[in-house]
Amino acid sequence: MYVEALQYLTCPQHPEMLLELIEGAEYDDQGELITGELRCPTCGMRATIREGLVDLLGTPLMPESIAQLANVLPVAAWGYERTWRPQSLSLLAGEPFDYSRELPLLVGLTMPERGGLIVDVACSNGLYARTLEQARHGTPGHVIGLDHSLAMLQQARTYALAEGLRITYVRAKAQALPFAPGAAATMAMGGSLNEIGDIPTALRELRRVLDPTGRCVLMNLVQAEELPTRALQGLLGAGGVAFPALAEVNRLFALAGLRLRAQWQYGVVLFSLVT
């Protein structure tokens, strides 16, 4: 965690209240907060900072699905960007769609050079967080990545440190974001919408936290048109991975108060720009 995050992090139960850093925190030579505690002045909730990560969830949570269980396993966190993630969109889109195509699309739509608070929701290994931090080009602000999986966050921090990037990683749920209303200039979610469980609440939280002039990009998977692929999606659905139809995704955006500005679909891969 970095001190820049203190101007943004709030209590999940009292999102209008900034968390306070308790005296005695320890820093490393690069200015990262390695150990310490944060406290809510309103309810007294305490969150630990351990090995550079902020934990707003405390005790381990029972995964709500097989998909969520897989994401908390250290082996899954280690292998995610080393194996599956670089080739995943090409396989799912049915056409070449590697990082050289995906990440410039993310940057062009979110415009992180505007600065301010940039949030990667359900960040996994932090691919989008790292990309947005690099594209911020030193503009005042800070990038924060959130995920419910401690193993994913540990790997995300390892990657960020290896690239010399100042990114704060926080263990939190997408359905209870630790930010004040309208705090974020930029938000992103890459693929996790299919696995987070309560999608309507997560989208309402995105809308609550996003500044009225902010930009949010979501990449998720939608229901396939071909019957064999749809049958496979049905099997994955039993493990907690949702594949909503395109019309249902847009309906959920509207119900959450998110305005759809642009949208692209490649196979079952959907990119949406919302405000």
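# Pockets, cavities and salt bridges

The lining of the second largest pocket divides by class into 7 nonpolar, 5 polar and 4 charged residues. That pocket has a volume of about 230 Å³, and among the 16 residues that line it, Pro60, Leu61, Val72, His148 and Arg171 lie nearest its centre. The model described here is predicted, and the structure holds, besides its pockets, 2 cavities of 30 Å³ or more. A search of the whole structure also finds 12 salt bridges, some of which are taken up below.

**Largest pocket**

- The largest pocket has a volume of about 970 Å³, and of the 40 residues that line this pocket, Asn71, Trp84, Gly191, Glu195 and Val241 are the closest to its centre.
- Two or more lining residues come from each of α1 (66-71), α2, β7 (141-147), β10 (210-221) and α7 (227-237), and the largest share, 8 residues, is supplied by α2.
- Sorted by class, the lining of the largest pocket has 22 nonpolar, 14 polar and 4 charged residues.

**Cavities**

- The largest cavity contains about 90 Å³ of space and is lined by Tyr80, Arg85, Asp120, Ala122, Cys123, Ser124, Leu127, Tyr128, Gly190 and Ser192.
- Helices α2 (74-93) and α4 (127-136) each give at least two residues to the lining of the largest cavity, and the class composition of that lining is 5 nonpolar, 3 polar and 2 charged residues.
- For the second largest cavity the volume is about 40 Å³, and its lining, which includes Met1, Tyr2, Glu32, Arg157 and Tyr169, draws two or more residues from each of α5 (150-162) and β8 (167-171).
- The lining residues of the second largest cavity divide into 8 nonpolar, 2 polar and 2 charged.

**Nonpolar surface patch**

- Leu69, Leu73 and Val75 form a nonpolar patch on the surface, and together they have about 270 Å² of accessible area.
- Val75, which lies in helix α2, has a relative accessible area of 62% and is therefore exposed, since the cut-off for that class is over 50%.

**Salt bridges within helices**

- In helix α4, Glu133 and Arg136 lie 3 residues apart, about one turn of the helix, and their side chains meet in a salt bridge with an N to O distance of 3.0 Å.
- Both partners of this α4 pair count as buried, because the relative accessible area of Glu133 is 11% and that of Arg136 is 9%, where buried means under 20%.
- In helix α6 (residues 199-209), Glu205 and Arg208 are likewise 3 residues apart and so separated by about one helical turn, and their side chains meet in a salt bridge at 2.7 Å, N to O.
- The two partners in α6 fall into separate classes of exposure: Glu205 counts as buried at 12% relative accessibility, whereas Arg208 is partly exposed, with a relative accessible area of 22%.

**Other salt bridges**

- Glu95 forms a salt bridge with Arg101, in which the closest N and O atoms are 2.8 Å apart; Glu95 is partly exposed, with a relative accessible area of 30%, and Arg101 is also partly exposed, at 34%.
- Glu81, Arg130 and Glu163 are linked with one another in a network of salt bridges.

Definitions and conventions
Residues are numbered from 1 along each chain as its sequence is written. This is a predicted model: local features need pLDDT of at least 70, side-chain atom pairs count only at pLDDT 80 or more; totals for chains, interfaces and linings use all residues. Side-chain values use heavy atoms; hydrogens and water are left out. On a 1 Å grid over the protein atoms alone, a cavity is a set of points where a 1.4 Å probe fits but cannot get out, and a pocket is an open set with protein on both sides within 12 Å along at least five of seven lines; lining residues have an atom within 4 Å of a point. Grid points are joined across faces, edges and corners, and a volume is the space filled by probe spheres set on the points. Helices (H or I, at least four residues) and strands (E, at least two) are DSSP runs, numbered from the N terminus. Ala, Val, Leu, Ile, Met, Phe, Trp, Tyr, Cys and Pro count as nonpolar, Asp, Glu, Lys and Arg as charged, and the others, Gly among them, as polar. Patches are made of residues with over 30% relative accessible area and no salt bridge: like charges are joined within 9 Å, nonpolar side chains (Val, Leu, Ile, Met, Phe, Trp, Tyr) within 5 Å. Accessible areas come from the Shrake-Rupley method with a 1.4 Å probe; for residues, only the protein chains shown count as cover. A salt bridge is a side-chain nitrogen of Lys or Arg within 4 Å of a carboxyl oxygen of Asp or Glu. Buried means under 20% relative accessible area, exposed over 50%, partly exposed in between (1.4 Å probe, protein chains only).
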